[in-house]
Amino acid sequence: MKNMTLEHIAEACKGIYFGEEQKKQTKICGAVTDSRQVEEGFLFIPVKGARADGHDFIPQVCKQGAAAVLSEKELEHCDVPYILVNSCLQALKDIAAFYRRQLAIPIVGITGSVGKTSTKEMIASVLSQKYRVLKTAGNFNNEIGLPLTLLRIQEEHEAAVVEMGISDFGEMHRLAEIARPDLCVITNIGVCHLENLKNRDGILKAKSEIFDFLKPEGHIILNGDDDKLSALTEVKGIRPVFYGFAGQNPERGRSWKEQAEEENSGVEKGTENGYGNGDSEVKAQQDIYADHIRNCGLKGMDVKLHTPKGDISVHIPIPGQHNIYNAMAAAAAGLALNLELEEIKAGIESAETISGRANLIETGGILLIDDCYNANPVSMRASLDVLSNGLARTVAVLGDMGELGENERQLHYEVGAYAAEKQIDTLFCAGTLAKEMAKGACDANDWCEVFHFETKDEMLPQLLQYLQEGDTVLVKASHFMDYPKIVEAIREKFHSAS
């Protein structure tokens with residue numbers, strides 16, 4: 001890790017070095033907050049959690065070969081050098097920011113209300129066709145996860161793709177100051193984290209802080225179908241690259257809406273699923289757009305991508321209209337970093353899902369769509385779009401969504417109504433707010449079979465009894481609902497029965 005000596009680290013986090021003088025020039029090989037991940041030559045950063053204080057594991061990491069540790073208190077018996085700091089969390093951010101400034105590789109920063117992780121995966125898949133890429137692991141996208149991601153960058157990496165998630169004003173500014181992305185990608189401005197950000201204008205303002213440390217030669221990539229983002233025609237003297245379905249130059253061909261209507265492609269008309277504004281007027285001309293869309297059900301989609309460098313026909317191996325947006329964003333990032341069209345095509349076609357994010361699991365004749373990492377109204381609709389492509393009986397297993405503010409009941413009602421409108425056969429839902437989902441589904445379509453339960457534990461036995469071979473099942477709720485247990489229960493029952 002370039003310039004990451006203990007002396008420089010102490011200076012970066014304004015800490016006091018304790019240890020042998022000659023060891024100040026020791027270079028660390030990595031930095032972690034989890035004692036179980038400490039390897040020879042690592043820096044251990046102890047943080048205080050709800051259940052444990054990382055300081056208690058300092059003796060253990062010394063035995064594991066840690067080069068040094070941080071500490072918020074003086075240590076009497078420490079076998080390795082340590083750096084005394086006021087706050088280990090702040091020190092983590094300061095150290096990551098210092099390390100970022102030593103790096104010459106391009107960093108792609110991705111934010112948005114929905115689709116950050118799937119877009120990150122698609123962009124990383126594309127860039128990996130030319131570069132050795134490090135990407136955010138899982139959901140390490142906050143003020144702890146982002147610094148830890150940056151500190152995973154090693155000399156062999158040639159690019160990094162990082163996810164940047166927020167829930168309040170000022171957070172993105174701090175993340176941007178640490179990551180200083182060279183390419184800023186915003187997927188959409190939806191309706192989540194409304195408790196703090198109040199409305200979509202507030203969300204736009206908070207997400208736009210990602211531009212605060214963008215260099216003049218940087219790149220901005222925006223979803224041009226989003227009414228809020230399409231209005232950002234210039235940022236800090238930089239013209240954004242827009243991608244989307246609607247509003248393209250007539251000389252390039254027919255719009256996506258015309259394609260969907262005339263070719264009966266199977267992709268939903270309009271952009272009302274939350275990835276666009278759903279209006280006929282779009283303020284931005286798209287630099288990259290998709291048409292000739294052929295829906296292959298749960299096997300993905302065939303599309304033609306139009307770019308300033310030419311057109312490519314690609315197969316997107318992951319179902320759902322939102323993955324066409326991800327592919328367009330990835331194409332834009334690839335072009336910005338000098339990839340050829342064939343490299344972009346190969347990257348899109350080799351993209352994979354990750355566990356908990358629209359991950360397709362076949363078990364005992366059941367096709368499971370495991371999308372239970374988290375949920376908001378926009379991502380719920382996108383997942384229901386995917387489920388609607390199921391070939392046999394479709395079952396949505398949904399739960400409460402968090403952080404939706406004063407309109408939370410109405411937003412849950414609308415998700416339930418959308419499930420029925422998409423002709424989902426059965427809705428199982430659990431939770432206090434999910435009761436509104438059940439009402440919405442019943443009001444929208446009386447033949448949709450609807451079951452509501454107060455808790456996940458009450459629902460699970462009846463769900464398992466209800467499911468049968470051939471069903472396609474979506475499992476999705478906010479993280480606090482603990483729906484991965486539902487996925488595991490379904491897998492266990494039907495795997496053992498097969």
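**Notebook: strands and cores**

I began with strand β13, residues 301–307, and found that five of its seven residues are buried, so the rest of the structure largely encloses this strand. I note here that the model is a predicted one.

**Partners of β13**

Next I looked up which strands pair with β13. Strand β12, residues 288–295, pairs with β13 in the antiparallel sense over five bridges. I picked out one position on this side: Arg-294 has Asp-302 in β13 as its bridge partner. The hairpin of β12 and β13 has five residues between the strands, and I saw that Gly-297 there takes a positive phi near 65°.

Strand β14, residues 310–316, also pairs with β13 in the antiparallel sense, over seven bridges. β13 and β14 make a hairpin too, with two residues between them. For a position on this side I noted Lys-304, which stands opposite Ser-313 in β14.

As background, I wrote down that strands of a sheet pair through backbone hydrogen bonds, either parallel or antiparallel.

**The five-stranded sheet**

I then turned to an open sheet of five strands. In what order do its strands lie? I read the order as β1-β5-β4-β3-β2, with mixed pairing. The edges are β1 (16–18) and β2 (30–32); each has a single partner strand, so one side of each is left without a neighbour in the sheet. I took down the turn between neighbouring strands of this sheet as 25° on average, with direction ignored.

Inside the order I checked β4 (residues 68–71) and β5 (residues 82–84), which run parallel and are joined by three bridges. Across this pair, Leu-70 stands opposite Ile-83 in β5.

**Nonpolar cores**

Last, I looked at the cores. The largest nonpolar core has 60 residues. Which of them touch the most other members? I listed Met-4, Leu-43, Leu-151, Ile-153, Met-164 and Phe-211. Helix α3, residues 88–102, gives the most to this core, with eight residues.

I followed Ile-153 further, leaving aside its neighbours within four places in sequence. Ile-153 is in contact with Tyr-99, Leu-103, Ile-105, Ile-107, Leu-134 and Ala-160.

A second core, separate from the largest one, has 42 residues. Among its members I noted Val-108, Ala-124, Leu-127 and Val-303. Val-303 took me back to β13, the strand of residues 301–307 where I had started.

Terms used. Residues are numbered from 1 along each chain as its sequence is written. This is a predicted model: local features need pLDDT of at least 70, side-chain atom pairs count only at pLDDT 80 or more; totals for chains, interfaces and linings use all residues. Side-chain values use heavy atoms; hydrogens and water are left out. A nonpolar core is a set of buried Ala, Val, Leu, Ile, Met, Phe, Trp, Tyr and Cys residues joined through side-chain atoms within 4.5 Å. Buried means under 20% relative accessible area, exposed over 50%, partly exposed in between (1.4 Å probe, protein chains only). Helices (H or I, at least four residues) and strands (E, at least two) are DSSP runs, numbered from the N terminus. Contact means heavy atoms within 4.5 Å. Two strands pair if DSSP finds at least two bridges between them. Axes are lines fitted to C-alpha atoms, for helices over the stretch in contact, and angles run from 0 to 180 degrees between N-to-C directions.
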